[in-house]
Each structure stands twice: as C-alpha cells, then as structure tokens.
Amino acid sequence: MKINIGFRTIKTAIGVSCSVFIAQSLKLEYYSSSGILTLLCIQKSRKRSNKAILSRLVACMLGMFGSTALFEAIGYAPYSFLVLLLLFIPMCVKLRVQEGLASSSVIIMHVYMHRKAEAAFFLNELLVVAVGLGVALLVNWYMPSIDKQLNRYKAEANRLIAAILDEYANYLKNGYTMWDGKELLQLSDVLRRASQMAQLEEENYRQGRNNSYRQYFDNKRRQMELLERMLPAVSQITAQVEQGVRIGQVIERMSEYLRQSPEPNGERHDYFYEMLRSVREYHKGLPLPKTREEFELRANLFAAANELERFIDTL
C-alpha cells in the first residue's frame, strides 16, 4: 500500500512539534493545546490560514473572558455549559468566527478546570494561544510554487481544445466522424481542477502578482462553452458543401494555432477574423436556398459561423 505524504502534512507535523516544544519549554500549563491550535490553523493557502488564525484568536479571547465571567456569576458546574454555549455559539456566528469554536472550546475547558479568575492563568492561556497561532502563521507563510502544475494544465487545456476543433473541422470537410466527444468531458475536468489551483495561487500571492492564471482559465472555460454551443449546429450539417468546407478550414487553422502558440495574440485574432469574414462574403454571394433542407443547412452553417466568431474573440 502506497502512502503519499503531501507538503501540507509535512508542515503540519513540523508546526505542531514546534508549538508543543516552545510551549513546554516556556513551562506553560496545558502546553499541548498550542499544538492543537497550530494543527487547526494550517490551511491550503495563506489567505485561508490567516482567516483561520484570526477567527480562532477572536473566538479564543471571547471564550476565555466570556466563560470566566459566566462561571464566576453562576458557578463552575456542568449546567453552566448549557447557558454558555447557548450564548457563545450564536455570538461567534454573528461575528463570523464560528471556525474558531473548536479551538475556543479547549480554552473554555481550561477555565472550567482551573476554577479561578487569576491574572497568572490568563497570561498562561494568552501565551498558549500566541504560541499555537504564531507558529501556524510562520509555518504557513511558505507556500511552494505551483507554476509548473498550472502550466501543465494550460498545455493540456489547449491540447484538448485543439483536438475538439480538429473533430469539428474533419466533420465539416469530410462529412463524417467517429468522434465520441470524450475530449469535452476531459476538458471540463481539467478546467475545474485548474481553476481550483489558480484560486490557490491567487490566494497565496495576491500582493505583487496579477491573477493571470485565473483569467487564463476563465477564458478557456468560455472557449469550452462556445464549443459546446457550436456542437449542435455542426452536428446538424448533414451534407458536405463548399461553405462547410471553408468553415472547416478556418477551424483547422485555429487548431494549429492553439498547438503552436496558445497565448493570446492580437495579430492572429485579426487573421482568423478576416478568414471568417471572407467565408461570410462567399455565403452572401450564393443564390437563395430552393428547398427546406438547403435552408436548414444554411441556417446551421450561419449559426456555427456566429459561434466561431465569438470563439475568435477569445483568442
């Protein structure tokens, strides 16, 4: 059985060990709670980790001082938790720090077990929280680069889009295809995973970097949607005609472009737009359709050309 140990797992193990070591070295009471706080605060991205740390800090402070006041008022007894949690949980939800409920519950239990409101105890708990959250902040500050994975997703997305365009071109030029559409499903899955990773990249490097990956994959998703919208019109072109062949040639050139130079290019946009415009001019010069079948064929060609023009706008 193969066990994969991820980078986040390694950071968690190191962070918890450091927290417990520091808190124990400071001879803090309940020092193991620092490790629990670190464990709960290490997230997939800096943004999520910072949010978790802030939520737990606020919740722990509310829990410590609020529970002390309540226990001193109505007693250190089990029934006090009924009143405390009925007040404390809605307050955390109201302040949007419910993520820190578990962490603050640990501090509340310390208050209950100590059974005294003392300055030394509050200092001890503050240090426990500071060590746990501080180590989590430091450990989670380093995030490995995911540029390589994102670039692989870029290449795979362009390969799949080019393959789909090839199938459309082959059908329009030759009048048949054995395509089962699996590339569309694969493209959807690739873009879903790529968008999630691009979001992590944006959360980790928000300052000083742009969100080019996010924009890039949003654009690819737009291209996928246009390909899906183009599919019904293309599939209903049941006769091989010159207009379809010409549109197929435009699509074929676009597929070659995506394989060779997938980055946006204004000159290429103008080039493909001019190619499509010449096809439209050719269509305008044809005589009017004489049969229903010919009319429907022209309509589907026109619809496919419209979607293709929108696709060109995304290049």
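Q223 sits in helix α9, which covers residues 212–235. Is this glutamine buried or exposed? With a relative accessible area of 1%, Q223 is buried. Leaving out residues up to four places away in sequence, Q223 touches I161, F311, T314 and L315. Please keep in mind as you look around that this is a predicted model.

**The overall picture**

Now step back to the whole chain. How many helices and strands does the protein have? There are twelve helices and zero strands, so the pattern read along the sequence is simply α-α-α-α-α-α-α-α-α-α-α-α, given that helices and strands are taken as DSSP runs.

The outline of the protein is worth a look as well. Along its principal axes, the C-alpha trace spans about 95 × 40 × 35 Å. The radius of gyration of the protein is 31 Å, while a compact globule of 315 residues would have one near 20 Å.

Of the 315 residues, 42% are buried. The accessible surface of the protein amounts to about 17,500 Å², and carbon and sulfur atoms hold 58% of that surface. As for contacts with a separation of 6 or more, 79% of them join residues 24 or more positions apart. Charged side chains come in two sets, 40 positive and 32 negative, and the centres of these sets lie 6 Å apart.

**Helix α2 and its cover**

Helix α2 runs over residues 32–41, and its buried residues are S33, S34, G35, L37, T38 and C41. Which helices help to cover them? The cover includes α1 (7–25), α3 (46–74), α5 (101–114) and α6 (119–139).

T38 gives a good view of this packing. This threonine belongs to helix α2 and, at 0% relative accessibility, counts as buried. Setting aside neighbours within four places in sequence, T38 is in contact with G15, V16, S19, V131, G132, V135 and A136.

L133 lets you look from another helix, since its place is in α6. L133 is buried too, with a relative accessible area of 7%. Beyond its neighbours within four places in sequence, L133 is in contact with L37, C41, I53, R56 and L57. Two of the names in that list, L37 and C41, also appear among the buried residues of α2.

Sequence distance and spatial distance can be set side by side for two pairs of residues, with both spatial values taken from C-alpha to C-alpha.

| Pair | Apart in sequence | Apart in space |
|---|---|---|
| L133 and C18 | 115 residues | 12 Å |
| N158 and S103 | 55 residues | 45 Å |

From the second pair, N158 is found in helix α7, residues 147–174. With a relative accessible area of 3%, N158 is buried.

**Cysteines without bonds**

How many disulfides does the structure hold? The number is zero, and two cysteines help to show why. The sulfur of C18 lies 15 Å from the closest cysteine sulfur, which is in C41, and that is too far for a bond. For C92, the closest cysteine sulfur is in C60 at 9.4 Å, again too far for a bond. A disulfide needs the two sulfur atoms within 2.5 Å, so neither C18 nor C92 is bonded in this way.

The surroundings of these two cysteines can be described as well. C18 is partly exposed, with a relative accessible area of 34%. C92, on the other hand, counts as buried at 0% relative accessibility.

**The loop between α1 and α2**

One last stop is the loop between α1 and α2, where K27 lies. Y30 is found in this loop too. What is the phi of K27? The value is near 60°, which is positive although K27 is a residue other than glycine. Y30 also has a positive phi, near 60°, and is likewise a residue other than glycine. Most residues other than glycine have a negative phi, which is why positive values catch the eye. K27 counts as exposed, at 76% relative accessibility.

Note on methods. Residues numbered from 1 in each chain as written. Predicted model: local features only at pLDDT ≥ 70, side-chain atom pairs only at ≥ 80, totals over all residues. Heavy atoms only, no water. Helix = DSSP H or I, 4+ residues; strand = E, 2+ residues; numbered from the N terminus. Rg over C-alpha atoms; globule rule 2.2 N^0.38 Å. Buried < 20%, exposed > 50% of the residue type's maximum accessible area, 1.4 Å probe, protein only. Contact = heavy atoms within 4.5 Å. Areas by Shrake-Rupley, 256 points an atom, 1.4 Å probe, with all protein chains shown as cover. Lys, Arg positive; Asp, Glu negative; His and termini not counted. Charge placed at Lys NZ, Arg CZ, Asp CG, Glu CD.
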